[in-house]
Amino acid sequence: MAPSTSLLLSFFILFSHLFSASSSEEIENTPLTITLPLTPTFTSKPSMDPMLFLQELASESKSRAHLLKYGKTSPLVKSPLYPIVYGGHTISLGFGTPPQKLSYLVDTGSDIVWAPCTTHYRCINCSSSAKEVPFFKPQLSTSVKTLNCKNPRCTSKCPRCKGYPKNCPQICPFFAQYGSGAEAGYYLSEDLHFPEKTFHNILVGCATIGIREISPFAMGGFGRSMFSLPVQMGVKKFAYCLKSHYFDNTRNSSNLIFDYRDGDTKGLSYTPFLKNPPDYPIYYYLVVKNLMLGNKILPISSKYLAPGSNGSGGLVIDSGFAYGYMAGPVFKIVTNELKKQMYKYKRSREVEELSGLTPCYNFTGRKIEIPDLIYHFTGGATMVVPGNRYFSFIPQIGFGCFPVTTDAAKTLEFTPGPSIILGNYMQVNQYIEFDLKNED
């Protein structure tokens with residue numbers, strides 16, 4: 001097993017994954033790679049108030065951070081009710097026979113594949129109609145199979161089976177929570193079609209009920225478990241390069257690559273993923289040696305940069321998270337230094353209050369110079385995020401904000417879960433490869 005070391009380039013990074021890939025079927029006659037267009041899901045209307053856009057995205061990101069950190073024990077988080085999810089990236093997948101094409105969000109922070117499902121799909125306490133959502137129709141597929149509780153692939157709790165799912169004929173229930181909303185339904189086993197190959201018996205959640213939040217997209221979980229899409233497909237690694245999602249509503253696509261080849265990818269280098277703690281089994285954990293802003297090494301304690309055995313600390317990479325997150329003490333150190341280096345720009349307390357982000361600056365008529373944010377990982381790997389890529393700009397009014405959420409108001413100095421969540425804003429224009437075969 002090759003060690004995971006060496007340099008990460010500014011625009012090209014490769015992550016080595018601890019989890020060994022498995023598959024729902026034999027991989028004979030599988031092509032070397034399967035490449036799909038990857039499209040940003042900027043879905044606001046051109047007439048939308050840009051400040052409202054920032055506010056909604058910040059609120060959704062904060063809800064997502066609480067879910068990733070606290071899981072099912074998350075304290076109640078009150079947030080505005082929004083009809084759609086912002087800031088993701090999608091691929092088109094065709095499940096069923098004949099294939100039914102839907103757009104699936106690529107989410108490395110979750111591990112379940114699911115879609116709004118059946119003509120009876122409905123949403124409870126939602127601000128828009130479920131009739132507007134594209135959905136999968138299992139009744140039109142000849143390859144669909146319903147998963148019941150006695151199937152060994154059903155790991156859900158089956159309340160009607162009184163804790164004995166192996167002897168129960170009831171349908172295997174499905175439930176997934178995302179930010180401020182959730183989806184519920186049951187599991188199906190389906191065929192997934194690509195021009196190069198058809199994969200059989202892929203586990204898919206058939207969501208029949210949405211709660212509080214409607215997304216016009218299905219969900220493709222890419223996290224670290226046997227249920228994630230790449231693991232079910234038996235790939236050895238997958239890679240993507242995310243395109244930006246600014247306010248111009250452009251939909252320039254890049255590629256997502258499912259890779260079945262052995263060996264390292266030429267020109268890329270590794271930093272290891274760590275073994276997941278029991279409370280956080282599906283996340284991609286990394287160790288940060290230090291964090292720099294411009295040429296200044298930030299005085300952040302190692303307890304925040306390296307995950308402990310309980311999962312507290314360290315960095316998690318999450319493509320389904322727009323703005324990202326830093327724990328209170330980390331956020332304070334980063335933003336204090338950012339304010340020092342950005343002293344020549346005027347801060348806007350009004351924009352900070354309205355957007356829920358801080359700090360925010362008025363760049364009207366000024367040359368924009370924002371220091372790079374640099375992550376140094378174990379093994380000598382480095383990821384440079386240019387300032388013009390991690391700041392969220394509002395060109396209509398000439399303002400820009402640091403797009404990271406935090407729980408800085410909490411009294412606890414060291415909260416559970418990762419201290420840093422690398423959202424997709426900071427992943428833009430970085431080529432990122434996840435090695436699912438090599439172990440640490």
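A residue counts as buried under 20% relative accessible area, as exposed over 50%, and as partly exposed in between. By this criterion Arg-261, with a relative accessible area of 40%, is partly exposed. The criterion is applied below to a predicted model, beginning with the chain as a whole and proceeding to its disulfides, its salt bridges and one of its helices.

The protein chain comprises six helices and 27 strands. Of its 440 residues, 57% are classed as buried. The accessible surface of the protein chain amounts to about 18800 Å², and carbon and sulfur atoms contribute 55% of this area. Among contacts in the protein chain with a separation of 6 or more, 75% are made by residues 24 or more positions apart.

Four disulfides are present in the structure. A disulfide is a covalent bond between the sulfur atoms of two cysteines. One of the four joins Cys-117 to Cys-206, with the sulfur atoms 2.1 Å apart. The torsion about this S-S bond is about -90°, and the disulfide of Cys-117 and Cys-206 is therefore left-handed. The pair connects distant parts of the chain, 89 residues apart: Cys-117 occupies the loop between strand S5 (113–116) and strand S6 (122–124), whereas Cys-206 belongs to strand S10 (residues 198–211). Cys-117 has a relative accessible area of 1% and is buried; Cys-206, with a value of 0%, is likewise buried.

A further disulfide is formed by Cys-154 and Cys-172, whose sulfur atoms lie 2.1 Å apart. Here the torsion about the S-S bond is about 90°, so the disulfide is right-handed. Cys-154 is located in the loop between strand S7 (145–146) and strand S8 (173–178), and Cys-172 is also in the loop between S7 and S8; the pair links distant parts of the chain, 18 residues apart. The relative accessible area of Cys-154 is 9%, which places this residue in the buried class. Cys-172 is buried as well, at 0%.

Cys-360 and Cys-401 also form a disulfide, with a distance of 2.0 Å between their sulfur atoms. The link of Cys-360 and Cys-401 is right-handed, with 110° about the S-S bond. Its partners come from distant parts of the chain, 41 residues apart, with Cys-360 in strand S21 (residues 360–362) and Cys-401 in strand S25 (residues 399–401). Both Cys-360 and Cys-401 are buried.

Eight salt bridges were identified in the structure. Side chains of opposite charge can pair when their charged atoms come close. In one of these salt bridges, the side chains of Asp-262 and Lys-236 meet at 2.8 Å, N to O. Asp-262 is in the loop between strand S13 (254–259) and strand S14 (270–272), and Lys-236 is in the loop between helix H2 (229–232) and strand S12 (237–241), so the pair ties together parts that are 26 residues apart in sequence. Lys-236 is partly exposed, its relative accessible area being 24%.

The side chains of Glu-433 and Lys-237 form another salt bridge, at 3.9 Å, N to O. Because Glu-433 lies in strand S27 (residues 431–435) and Lys-237 in strand S12, this pair ties together parts that are 196 residues apart in sequence. Both Glu-433 and Lys-237 are buried.

Arg-261, introduced above as partly exposed, engages Asp-259 in a salt bridge between their side chains (2.9 Å, N to O). Asp-259 is buried, with a relative accessible area of 4%. Elsewhere among the salt bridges, shared partners join Lys-236, Asp-262 and Lys-437 into one network.

Helix H4 (residues 328–341) contains 14 residues and, at 1.5 Å a residue, should span 20 Å. Since the expected span is 1.5 Å times one less than the number of residues, the comparison is made with the end C-alpha atoms of H4, which are 20 Å apart, in agreement with expectation. The buried residues of H4 are Gly-328, Val-330, Phe-331, Val-334, Thr-335, Glu-337 and Leu-338. An α-helix has 3.6 residues a turn, so residues three or four places apart point the same way.

Definitions and conventions: Residues are numbered from 1 along each chain as its sequence is written. This is a predicted model: local features need pLDDT of at least 70, side-chain atom pairs count only at pLDDT 80 or more; totals for chains, interfaces and linings use all residues. Side-chain values use heavy atoms; hydrogens and water are left out. Helices (H or I, at least four residues) and strands (E, at least two) are DSSP runs, numbered from the N terminus. Buried means under 20% relative accessible area, exposed over 50%, partly exposed in between (1.4 Å probe, protein chains only). A disulfide is a pair of cysteine sulfur atoms within 2.5 Å. A salt bridge is a side-chain nitrogen of Lys or Arg within 4 Å of a carboxyl oxygen of Asp or Glu. Contact means heavy atoms within 4.5 Å. Accessible areas come from the Shrake-Rupley method with a 1.4 Å probe; for residues, only the protein chains shown count as cover.
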